[in-house]
Protein chains: 2
Amino acid sequence: MIMDGFTAIAEPTRRAILDCLRTGERDVTTLVTELRISQPLASKHLRVLREAGLVEASVRGKRRVYRLAKEPLPDVLAWIGPYARQWSIAFDRLEHVLESESS
Amino acid sequence: MIMDGFTAIAEPTRRAILDCLRTGERDVTTLVTELRISQPLASKHLRVLREAGLVEASVRGKRRVYRLAKEPLPDVLAWIGPYARQWSIAFDRLEHVLESESS
DNA sequence: TCATAATATGAACTATTGGTTATATGAATG
DNA sequence: CATTCATATAACCAATAGTTCATATTATGA
């Protein structure tokens, strides 16, 4: 299986899982009820996200608690940078401003 | 077919096409030779990118010249923003700096 | 207008993916 | 221990995606 970040976030349900986890960690059952998906489907998507390094899990009792990885999506962010005109503009402006400040 | 931005950039060859077009417009034949793919495959991927709004084409003689759309990937950029920690940090800093400057 | 160059499209094939149901695993609890 | 709860996995199916080869389309130039 083993998917890259791009393929991992191409699936709407997986994006929904990530968005959900962005507000805090969740166990599988919580995700299942919040996203209204079947439990096996959740487990499958979570496995993909885990293998792609986007989420991490820890075993807490019989629950498995998932959370976002600290630096998720490095490949996607690196690739998409040049296409984020607004963002690169913000970067450039920031650099300029900080430069002229320090002088 | 009609794919969204996420699915469009999930395919490595399509990302390669976009990266290629980032340095300037190209006709199909040029893309074919630069990326070493078959011509029908190029046309198919270009169609996907066109329908997803990532590239535009203009007919120039018997050539079809493709270029990046002006604001490509709005959906992806919007979704990924909150995950781009470094970038949001840059944004925040920029806001602060500009604020304290104007006062 | 005929031949050719550039691109798009269609048909067919294969691989992969997202989804289901059923079952296995493994911890907690009575 | 036996049961139940939480999660993962297996087997399978339908839909879709990527690829190739062959053919259609369209514009150009002789």
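Visitor: Which elements of chain A and chain B each supply at least two residues of the surface near DNA strand C?

Guide: The model is a predicted one. In chain A the element is α4 (39-51), and in chain B the elements are α3 (28-35), α4 (39-51) and β3 (63-68). With five residues, α4(B) gives the most to this surface.

Visitor: How many residues surround DNA strand C, and which are the closest?

Guide: The count is 22 residues, and the closest are K44(A), T29(B), Q39(B), S43(B) and Y66(B). Of the atoms of DNA strand C that come within 4 Å of the protein, 66% belong to sugar and phosphate. By class, the surface near the strand comprises ten charged, six polar and six nonpolar residues.

Visitor: Which polar side-chain atoms lie by a phosphate oxygen of DNA strand C, and at what distance?

Guide: For H45(A), a polar side-chain atom is 2.7 Å from a phosphate oxygen of DNA strand C. For S38(A), a side-chain N or O atom is 3.2 Å from a phosphate oxygen of that strand. K62(B) addresses another part of the backbone: an N or O atom of its side chain is 3.4 Å from a sugar or linking oxygen of DNA strand C.

Visitor: Which residues come nearest to DNA strand D?

Guide: Around DNA strand D there are 22 residues, of which T29(A), Q39(A), S43(A), Y66(A) and H45(B) come nearest. Sugar and phosphate make up 67% of the atoms of DNA strand D within 4 Å of the protein. The surface near this strand has six nonpolar, six polar and ten charged residues.

Visitor: What contacts reach the phosphate oxygens of DNA strand D, and which elements supply the surface?

Guide: A side-chain N or O atom of S43(A) is 2.8 Å from a phosphate oxygen of DNA strand D. The corresponding distance for the side chain of H45(B) is 2.9 Å. V28(A) takes part through its backbone, with an N or O atom 3.2 Å from a phosphate oxygen of the strand. The elements giving two or more residues to this surface are α3 (28-35), α4 and β3 of chain A, together with α4 of chain B. The largest share, five residues, comes from α4(A).

Visitor: Is H45(B) buried or exposed?

Guide: H45(B) counts as buried, because its relative accessibility is 10%, where the cut-off for buried is under 20% and only the protein chains are considered. The residue lies in helix α4 of chain B. Beyond residues up to four places away in sequence, H45(B) touches E11(B), T13(B), R14(B) and I17(B).

Visitor: How should the sheet of chain A be read, and in what order do its strands stand?

Guide: Strands of a sheet pair through backbone hydrogen bonds, in either the parallel or the antiparallel sense. In chain A, three strands form an open sheet in the order β1-β3-β2, with antiparallel pairing. β1 (26-27) and β2 (55-60) of chain A stand at the edges with a single partner strand each, so one side of each has no neighbour in the sheet.

Visitor: How many bridges join β1(A) and β2(A) to β3(A)?

Guide: β1(A) pairs with β3(A), residues 63-68, over two bridges, and D27(A) stands opposite V65(A). Six bridges join β2(A) to β3(A), where V59(A) stands opposite R64(A). β2(A) and β3(A) form a hairpin with two residues between them, and G61(A) in the turn has a positive phi of about 65°.

Visitor: What pairing do β2 and β3 of chain B show?

Guide: β2(B), residues 55-60, and β3(B) are antiparallel and share six bridges. The bridge partner of S58(B) in β3(B) is V65(B). These two strands form a hairpin with two residues between them, in whose turn G61(B) has a positive phi of about 65°.

Visitor: Is V59(B), in strand β2 of chain B, buried or exposed?

Guide: V59(B) counts as exposed, because its relative accessibility is 59%, against a cut-off of over 50%. From C-alpha to C-alpha, V59(B) and R93(B) are 44 Å apart in space, with a separation of 34 residues in sequence.

Visitor: Which members of the largest nonpolar core touch the most other members?

Guide: That core has 53 residues, of which L73(A), L18(B), L54(B) and L73(B) touch the most other members. Leaving aside neighbours within four places in sequence, L73(A) contacts G5(A), I9(A) and L54(A), as well as W79(B), I80(B) and Y83(B) of chain B.

Methods. Residues numbered from 1 in each chain as written. Chains lettered and ligands numbered in written order. Predicted model: local features only at pLDDT ≥ 70, side-chain atom pairs only at ≥ 80, totals over all residues. Heavy atoms only, no water. Near = heavy atom within 4 Å. Polar contact = N/O pair within 3.5 Å; in protein donor to acceptor, adjacent residues only side chain to side chain. Helix = DSSP H or I, 4+ residues; strand = E, 2+ residues; numbered from the N terminus. Nonpolar A, V, L, I, M, F, W, Y, C, P; charged D, E, K, R; others polar. Core = buried A, V, L, I, M, F, W, Y, C linked by side-chain atoms within 4.5 Å. Buried < 20%, exposed > 50% of the residue type's maximum accessible area, 1.4 Å probe, protein only. Contact = heavy atoms within 4.5 Å. Pairing = 2+ DSSP bridges.
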